[in-house]
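Me: Can you help me make sense of the labels people put on rings and residues? I'd like to see how each label follows from its cut-off.

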Amino acid sequence: MPHSRRILTYAIAAAAAATAGFVFPPGATAAAPRTATSDFNGDGYADLAVGVPDGTVAGEAKAGYVNVVWGGPRGIGAHGSIRVTQATPEVPGTPEAGDRFGASVALADLNGDGIAELLAGVPGEDVTDRGTDAGMVIGVGGAKSGTRPGSSVLTGPAPSAGYGKSIVAADLTGGENKVIVIGGTDKVVARVIQGEDSMITTVVAAPMGGRAPVLTTGDFDSDGRDDLAVAYWTAGDPNTQSHVRLWKWDADRSEMANFWNTDNAGVSALAAGDFDGDGHDDLALGECREIADENIDDPCGPERLAKGGGIHIHYGSAAGGSFGSRAQTLNQDTAGVPGVAEDGDRFGASLAVADVNRDGRDDLIAGAPGEAIGSRTGAGAAWLLYGGAQGLFGAGGAARAVSWNQDTPGVPGVAEAGDTFGAAVASGDHNADGVADVSVGSPGENASLGAVWLLPGGSAGGSAAFSPRTLGLPYLSTAQKYGKPLSSR
């Protein structure tokens, strides 16, 4: 007999009050934020959140969980972890088949007390008076031991709304208010936390082909405040819509305002960073491809560079300048990028940013989960693309990059078909040595049990892997697809 889901009864008004308690927990005092904003247990080390929406919880398939892996002197994977589910006492709800808790994750210090909060998307959640798969986002406070009380941040308004497919949090208003941006089915909404109050505004509502809208934040107009980047696309439809759009906070209207677009570009990932070190944020479009012929010239750069997946970068400029007027495109056929571009590689399907070599210019980490290693299709790989004075290209038009896969010397494991190494990537200084570390997810590893690799300081030397098995997590015989998504910073 099919399992009957328990329907949650959180009302929006109750959620607003509870969210205020979550953002500013009772007894917490605001403090200067630490460098590691992903420090969930307050020990001074950056942690890593691994979303496991396909994980089994309390016998319920795909109820989902989030595994927060502790940083420490030896990085992540060597210091234990905590498993957060809807069976965790401080977390609202009950684990039910198909909830997919952890489909999206974010670790962010929302109240400046030095301890991060966990935001987890639950797009399969059923909600009273809203219907099946209305979805929700849940916030859980971090603590030195365990978790602080959690609450619903926002619930979907209707059946199949799927709130929680994607999520990002940042200070978009330029004040002390935090904004939590939530992607659902054909919709992106923003919740502005204003002390004990909050407001909800729709950012964009448009057909998105059933996919999660892609979100990231950065200061793209150089006004000193973060902006929001949103990407979405449809295909095989007369009303195809394919956009990458930038939005900023309009204080006069108390809503997000669209100020820049590139059309006809379908992307799988977005990342913001200052790749040329000029003090202005740039935007990388991962696995960028032209979706339909709308008489728009090469929205992802030269078409030949989209083979196997291309990365297209729009560069920022001084305040008042034209964002994106300078652009670069690269793929595995670009000089200096290891490998050969082949159909299905999915180069750029995941992106992360960090100044790994500490030269004052951000570097770009890119995954290609479809990459073949020898004859092993879909084994996957990841790249570190170094920033420089000209961006991701040097003066001679070549990139500087290194790549890793499970056959790279020093990287544990063996590349096997279907591992999808590089399906997710993240960065964070997990051992607090001042150098960013790289994490690479491989959800297809070990018959889709999944695993994550740590590349300390962006190097294969000293790299290590961890998985549900090494961390002592339950249900080791199921396909948990551990390793996607990842969140740290």
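Reply: Sure, start with burial: buried means under 20% relative accessible area, exposed means over 50%, and partly exposed is in between (1.4 Å probe, protein chains only). Keep in mind that this is a predicted model, where local features need pLDDT of at least 70, side-chain atom pairs count only at pLDDT 80 or more, and totals for chains, interfaces and linings use all residues. Residues are numbered from 1 along each chain as its sequence is written, and side-chain values use heavy atoms, leaving out hydrogens and water.

Me: Why is phenylalanine 323 called buried?

Reply: Its relative accessible area is 7%, and the cut-off is under 20%, so phenylalanine 323 counts as buried.

Me: And what makes tryptophan 260 count as buried?

Reply: Tryptophan 260 has 14% relative accessibility, so it passes too.

Me: Why are phenylalanine 220 and phenylalanine 323 called an edge-to-face pair?

Reply: Rings of Phe, Tyr and Trp (its six-membered ring) pair if their centres lie within 6.5 Å; planes under 30 degrees apart are stacked, over 60 edge-to-face, and the rest tilted. Here the centres are 5.6 Å apart and the planes are at 65°, so the pair is edge-to-face.

Me: Which residues form one aromatic cluster with Phe220?

Reply: Trp260 and Phe323 do. Tryptophan 260 and phenylalanine 323 pair edge-to-face, at 5.1 Å centre to centre with 90° between the planes.

Me: How do you know that a charge sits over the ring of tryptophan 233?

Reply: The rule wants NZ of Lys or CZ of Arg within 6 Å of the ring centre and within 35 degrees of the ring normal. The charged end of arginine 211 sits over that ring, 3.4 Å from its centre.
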